[in-house]
Amino acid sequence: MTGHAQHLKLPKLELLRRVLFITLGAAMVSVGLEIFLVPNHIIDGGIVGISIIVSHLTGLPLGIFLFLLNLPFLVLGYKQIGKTFAMSTLYGVSVMSIGTFLLHPVPPLTEEYFLASIFGGVILGIGVGIVIRFGGSLDGTEIIAILFNKRLPFSVGEIVMFFNLFILGSAGFVFGWDRAMYSLVAYYIAYKMIDITMEGFQESKAVWIISDEAKVIGSTIMDRLGRGVTYLHGEGGFSGGQKRVIFCVITRLEEAKMKSIVQQLDPTAFVAVGNIHDVKGGRFKKRDIH
């Protein structure tokens with residue numbers, strides 16, 4: 001093992017696990033959309049919401065726009081987010097798009113708008129949460145928000161919220177204001193279900209790593225995630241030995257990749273991850289936290 005960051009490949013079992021859960025999550029999103037939301041003209045936020053509106057206006061299948069409208073954001077975010085995340089997202093978006101094609105002929109389970117908003121939001125939120133938890137995404141809005149976040153004085157969450165309010169407001173002009181309000185209900189429920197699925201997963205995470213391979217792990221995090229790290233010096237309470245602690249701040253989309261890096265370089269490392277509700281100052285927006 002050298003001191004330089006290395007390109008790490010996911011073990012086959014971990015890769016299979018990721019593929020299976022991203023497939024499950026994307027399939028659930030397809031069900032939420034085609035069996036509950038879309039037939040009742042209720043939309044979600046982000047690229048999904050834009051795709052539903054454009055699909056309705058053009059009469060073309062929803063799956064086409066889910067795939068094509070997400071593609072530019074994946075290209076833009078490729079260098080910033082990383083190859084593994086980009087490929088996981090591309091796979092998830094592909095499964096979601098194909099799922100909407102296959103489910104489109106299936107009649108909706110309910111034509112009651114309130115029930116459609118609740119159940120559609122729950123299923124969609126759980127699906128999105130599963131995909132994010134296993135290292136992917138189904139919507140390019142967060143990717144572009146992370147890129148804009150470096151240039152604007154707003155958090156990723158605030159930028160995403162602005163986009164979604166604009167998109168949900170647009171639904172009022174296309175489907176009527178009652179459907180726009182139902183869309184807001186569905187969006188809120190989906191948002192909460194993502195949080196529940198992710199066990200309180202927030203947009204920023206503070207990470208502490210204690211390992212004998214601290215230098216290797218730190219350099220790999222800087223290389224693979226583009227995040228700065230700070231080395232802290234500590235002392236073991238039981239052993240009294242000197243310990244080196246890595247501290248860094250990452251986005252919620254990067255947690256799965258960070259854990260994978262640590263697991264492969266030092267399976268015995270102590271890792272603590274905490275939620276951060278606000279990050280200001282320093283150089284975090286420039287992907288560095290010195």
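Start by selecting His233 in this predicted model: opposite His233 stands Arg244, which belongs to strand S3. Now widen your selection to strand S2 and strand S3 (residues 242-251), which pair in the antiparallel sense over 6 bridges. If pairing is a new idea, keep this in mind: strands of a sheet pair through backbone hydrogen bonds, either parallel or antiparallel.

Next, bring in the whole sheet. It is an open sheet of 4 strands, and following them across gives the order S2-S3-S1-S4, with antiparallel pairing. Which strands stand at the edges? They are S2 (230-235) and S4 (270-276); each has a single partner strand, so one side of each is left without a neighbour in the sheet. Rotate your view and look at the twist from strand to strand: neighbours in this sheet are turned by 25° against each other on average, direction ignored.

Now add the helices that pack here. Select helix H9 (residues 214-225), which packs on the sheet and touches strand S1 (204-210), S2 and S3. The direction of H9 makes about 15° with that of S3. Then select helix H10 (residues 255-265), which lies across S1, S3 and S4 and runs at about 165° to S4.

Time to move to another part of the model. Select Glu34, placed in helix H1 (residues 12-37). Is Glu34 buried or exposed? Its relative accessibility is 3%, and the cut-off for buried is under 20%, so Glu34 counts as buried. Show what surrounds Glu34: beyond residues up to four places away in sequence, it touches Pro39, Leu62, Thr100, Leu103, His104 and Val106. Zoom in on His104, whose side chain makes a polar contact with the side chain of Glu34 (3.3 Å). Val106 is worth a click too: Glu34 and Val106 are 72 residues apart in sequence, yet 7.9 Å apart in space, C-alpha to C-alpha.

Now for the nonpolar residues. In soluble globular proteins, nonpolar side chains tend to be buried together. Here the largest nonpolar core has 37 residues, and those with the most contacts inside it include Val29, Leu33, Ile43 and Ile52. Several helices each supply at least two residues of this core, among them H1, H2 (46-58) and H5 (113-133). H5 gives the most, with 6 residues.

Pick Ile43 for a closer look. Leaving aside neighbours within four places in sequence, the contacts of Ile43 include Ile52, Ile167, Leu168 and Phe175. For your last stop, select Ile209, Ile221, Ile250 and Met258, which are among the 16 residues of a second, separate core.

Methods:
Residues are numbered from 1 along each chain as its sequence is written. This is a predicted model: local features need pLDDT of at least 70, side-chain atom pairs count only at pLDDT 80 or more; totals for chains, interfaces and linings use all residues. Side-chain values use heavy atoms; hydrogens and water are left out. Two strands pair if DSSP finds at least two bridges between them. Axes are lines fitted to C-alpha atoms, for helices over the stretch in contact, and angles run from 0 to 180 degrees between N-to-C directions. Contact means heavy atoms within 4.5 Å. Buried means under 20% relative accessible area, exposed over 50%, partly exposed in between (1.4 Å probe, protein chains only). A polar contact is a pair of N or O atoms within 3.5 Å; within protein, one must be able to donate a hydrogen and the other to accept it, and residues adjacent in sequence count only if both atoms are side-chain atoms. A nonpolar core is a set of buried Ala, Val, Leu, Ile, Met, Phe, Trp, Tyr and Cys residues joined through side-chain atoms within 4.5 Å.
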